[in-house]
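Work through the following exercises with the model open beside you, and try each task before reading its solution.

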Amino acid sequence: MLAIWLPTYKRPHTLQKVATNIEQTTKNPFKLYFGVEPEDKESYEAAKATGHSVVVNKYSGGYSNTIQTMYEESSGPFAFHANDDFEFLPNWDEVPISMFENEKVMVVGCRQRPDNDNKSAICFIRRKYIEEQSGVVDMPNRVFYPYNHNYQDTEFTETAQSRGVWAGCDAPCINHKHPGFIGGSKDATYLKNDATVNLDKQTFDSRKQRGLW
């Protein structure tokens, strides 16, 4: 069973569309979890209306802690951390999941867009990796270090690479759309991102300079 962790923030109008997209394109058995912030009532109701699971972030606000809440309230051997602005391509999960046949692979990095080879931001994760090693070198049983909204994926990928448990998947997986970010004014999600980007960068630089991974 594949757990799909999908945090969302003030984009209730997108949730049925992304849920339907996942239903129509996912090959493996899966369970979709929407993660919402406590104050975002509209997103909670929209996510609930899809018929999939809805998890309310029980820590302070932010993508990392919403993912952590979903990790703690889900199960299954594999997980994928998603965004609400992804277009999932047909059979998007088939090749990445097959890569876990190599028992040494704990994290599979995926391309954000078919025309972009960057594989550092979006990952499939073997659950026992988090349970046994943690995704964060100095915090047990954590998926991501609790950044506000940025750099958690970079630290996670670099940590897995330094441990020799990361593999990159060349097959097209998703198309990251970035609504309100490219060619238009920024929406609430990206305004939240911008509000802490400098602070998160300082935290990331400090942790990396200390040689934590």
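**Exercise 1. Overall form**

Task: Decide what the radius of gyration says about the form of the protein chain in this predicted model.

Solution: Begin with the expectation, which is that a compact globule of 213 residues would have a radius of gyration near 17 Å. The protein chain has 16 Å, and because this agrees with the expected value, the radius fits a compact globule. Next, take the extent along the principal axes, where the C-alpha atoms fill a box of roughly 40 × 40 × 35 Å. Finally, turn to the contacts with a separation of 6 or more, of which 69% are between residues 24 or more positions apart.

**Exercise 2. Composition and surface**

Task: State how many helices and strands the protein chain has, and then describe its burial, accessible surface and charges.

Solution: The protein chain has 7 helices and 9 strands, and buried residues make up 51% of its 213 residues. Its accessible surface comes to about 9,700 Å², with 49% of that area belonging to carbon and sulfur atoms. As for charge, there are 24 positive and 28 negative charges, and their mean positions lie 2 Å apart.

**Exercise 3. The faces of helix H2**

Task: Work out how the buried residues of helix H2 (residues 41–49) are arranged, and what covers them.

Solution: First identify the buried residues of H2, which are Ser43, Ala46 and Ala47. Seen down the helix axis, these buried residues fall within an arc of 100°, and therefore they line one face of H2. The face turned away from this buried side carries Lys41 and Ala49, both of which are exposed. The cover over the buried residues includes helix H1 (15–25), together with strands E2 (30–36) and E3 (53–56). To complete the picture, follow the chain to Gly51, just after H2, where phi is positive at about 90°.

**Exercise 4. A loop residue**

Task: Is Val105 buried or exposed, and which residues is Val105 in contact with beyond its neighbours within four places in sequence?

Solution: Locate Val105 in the loop that runs between helix H4 (94–98) and strand E6 (107–110). Its relative accessibility is 8%, and because buried means under 20%, Val105 counts as buried. Once the neighbours within four places in sequence are left aside, Val105 is in contact with Met99, Phe100, Arg126, Val165 and Ala167. For the last of these partners, Ala167, the C-alpha atom is separated from that of Val105 by 6.5 Å, although the two residues are 62 residues apart along the chain.

How values were computed: Residues are numbered from 1 along each chain as its sequence is written. This is a predicted model: local features need pLDDT of at least 70, side-chain atom pairs count only at pLDDT 80 or more; totals for chains, interfaces and linings use all residues. Side-chain values use heavy atoms; hydrogens and water are left out. Helices (H or I, at least four residues) and strands (E, at least two) are DSSP runs, numbered from the N terminus. The radius of gyration is taken over C-alpha atoms; the globule rule is 2.2 Å times the number of residues to the power 0.38. Buried means under 20% relative accessible area, exposed over 50%, partly exposed in between (1.4 Å probe, protein chains only). Contact means heavy atoms within 4.5 Å. Accessible areas come from the Shrake-Rupley method with a 1.4 Å probe; for residues, only the protein chains shown count as cover. Lys and Arg count as positive and Asp and Glu as negative; His and the chain ends are not counted. The place of a charge is taken as NZ of Lys, CZ of Arg, CG of Asp or CD of Glu. The arc is that of the directions from the helix axis to the C-beta atoms.
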